[in-house]
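Trainee: I've got a model open and I'd like a close look at just one part of it. Could you walk me through that part and then out into whatever surrounds it?

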Amino acid sequence: MVFKKLRQAMGIGGPQIETTLQNPNTQPGGVVRGEITLIGGEHDSNIKSLNLALRSRVEVESGDSEHVADLEYAKVSLAGGFELDDGSRHSIPFEFNIPWEAPLTHMYGRPLLGTTVGLATELEVAGAVDPGDLDPIVVQPLPAQERILEAFGNLGFRFRNADCEKGRIYGVNQKLPFYQEIEFTPPPQYASGVKQLEVTFVAYPDSMDVVLELDKRGGMFTEGHDSFSRFKVDYATVGNTDWEGQLNGFLQDAGRRKGFF
């Protein structure tokens, strides 16, 4: 048992739910497996539905204000429409497919502060819904993502923070309603023109788009504005490229176009 949580689902004497993950570690496009056990309370319960939902903390802009919300972007229905007798146990195994575009929670082997990913067990009993708390999921980088991040580290960029923002990146085949930005502080050789560098991965089964942004000026992700740099990485050939040289070329070329270097 890697993770276990037991909570009261529906008031005093109501059913309880026990969620166990075999392993909370995964990658974009991976699978999280586990088991949910419903434990009958002091009286029979009519279980309307039992669902698992994937959520992340996302920044949402609304007019001139901004707030943070736990956004649900993948869901699996596990059971429903049955009676749970008092004191009985009902166990349900599950497999949850993690979307390819799921944000990373770890980088360079350390937690990526600013990003949360978790599974919530949602239980509906006789019309009352318990949305559940988040059971944390560890989303490690794909090998191709790790290679790009490693290259930035080798060029001297240092991680600053990460967040997820609701919205869509223009020109990218994005499925989820939000994207993750991983922000880096530039090394001295780029500092004269680059205040910050933000990296966004939009992953697919065989390849991924990588979007680089210098800063937030000019509405980078709105139609009619080109992103600082965008390129595709093929998983099968990612190891055949000098990414340090390639990324340096992207940075120098884009910097010259913008008059930074």
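Does Glu 122 count as buried or exposed, and at what relative accessibility? Please start there and take your time.

Mentor: Sure, and keep in mind as we go that this is a predicted model. Glu 122 counts as buried, at 9% relative accessibility. The cut-off for that label is under 20% relative accessible area, so a value of 9% puts Glu 122 on the buried side.

Now look at what the Glu 122 side chain meets. One partner is Arg 55, and the two side chains form a salt bridge with 2.9 Å from N to O. Glu 122 sits in strand S11, residues 117-125, while Arg 55 sits in strand S5, residues 45-62, so this pair ties together parts that are 67 residues apart in sequence. Arg 55 is buried as well, just like Glu 122.

Another partner is Lys 75, whose salt bridge with Glu 122 has its closest N and O atoms 2.9 Å apart. Lys 75 belongs to strand S6, residues 65-79, and Glu 122 to strand S11, so here the parts being tied together are 47 residues apart in sequence. Lys 75 counts as partly exposed, at 46% relative accessibility, whereas Glu 122 is buried. If you follow the shared partners, the salt bridges join Arg 55, Glu 72, Lys 75 and Glu 122 into one network.

How does that fit into the rest of the protein? A search of the whole structure turns up 11 salt bridges. One to set beside the network is Glu 18 with Arg 89, where the closest N and O atoms are 3.5 Å apart. Glu 18 lies in strand S2 (residues 16-21) and Arg 89 in strand S8 (residues 89-97), so that bridge ties together parts 71 residues apart in sequence. Its two ends have different surroundings: Glu 18 is buried, with a relative accessible area of 10%, but Arg 89 counts as exposed at 55%.

Stepping back, the protein has 3 helices and 19 strands. Buried residues make up 50% of its 261 residues. Take the contacts between residues at least 6 apart in sequence: 63% of them join residues at least 24 apart. As for the surface, the protein exposes about 12,400 Å², with carbon and sulfur atoms supplying 47% of that area.

A couple of loop residues are worth clicking on. Asp 85 is in the loop between strand S7 (82-84) and S8. Asp 85 is partly exposed, with a relative accessible area of 43%. Leaving out residues up to four places away in sequence, Asp 85 touches Gly 40 and Asp 44. The C-alpha atoms of Asp 85 and Ser 45 are separated by 6.5 Å, although those residues are 40 apart along the chain. Then there's Tyr 108, in the loop between strand S9 (106-107) and strand S10 (110-111). Check its backbone: Tyr 108 has a positive phi of about 55° although it is not a glycine. Tyr 108 is partly exposed, at a relative accessible area of 34%.

For a contrast with those loops, try Met 208 in strand S18, residues 207-213. Met 208 is buried, with a relative accessible area of 0%. Setting aside residues up to four places away in sequence, its contacts include Ala 144, Ile 148, Phe 201, Val 202, Phe 231 and Tyr 235. Computed along the sequence, Trp 100 is 108 residues from Met 208, yet their C-alpha atoms are 9.3 Å apart in space.

Phe 201 also leads us to the empty space. The structure holds 2 cavities of 30 Å³ or more, and the largest has a volume of about 110 Å³. There are 13 residues lining that largest cavity, and those nearest its centre are Glu 101, Ala 102, Pro 103, Gln 180 and Phe 201. Strand S16 (178-185) and strand S17 (197-203) each supply at least two residues of the lining. By class, the lining comes out as 8 nonpolar, 4 polar and 1 charged residues. So, back where you began: Glu 122 is the buried residue whose salt bridges place it in a network with Arg 55, Glu 72 and Lys 75.

Key: Residues numbered from 1 in each chain as written. Predicted model: local features only at pLDDT ≥ 70, side-chain atom pairs only at ≥ 80, totals over all residues. Heavy atoms only, no water. 1 Å grid on protein atoms, 1.4 Å probe; cavity = no way out; pocket = protein on both sides within 12 Å on 5 of 7 lines; lining within 4 Å. Points joined across faces, edges and corners; volume = space filled by probe spheres on them. Helix = DSSP H or I, 4+ residues; strand = E, 2+ residues; numbered from the N terminus. Nonpolar A, V, L, I, M, F, W, Y, C, P; charged D, E, K, R; others polar. Salt bridge = Lys/Arg side-chain N within 4 Å of Asp/Glu carboxyl O. Buried < 20%, exposed > 50% of the residue type's maximum accessible area, 1.4 Å probe, protein only. Contact = heavy atoms within 4.5 Å. Areas by Shrake-Rupley, 256 points an atom, 1.4 Å probe, with all protein chains shown as cover.
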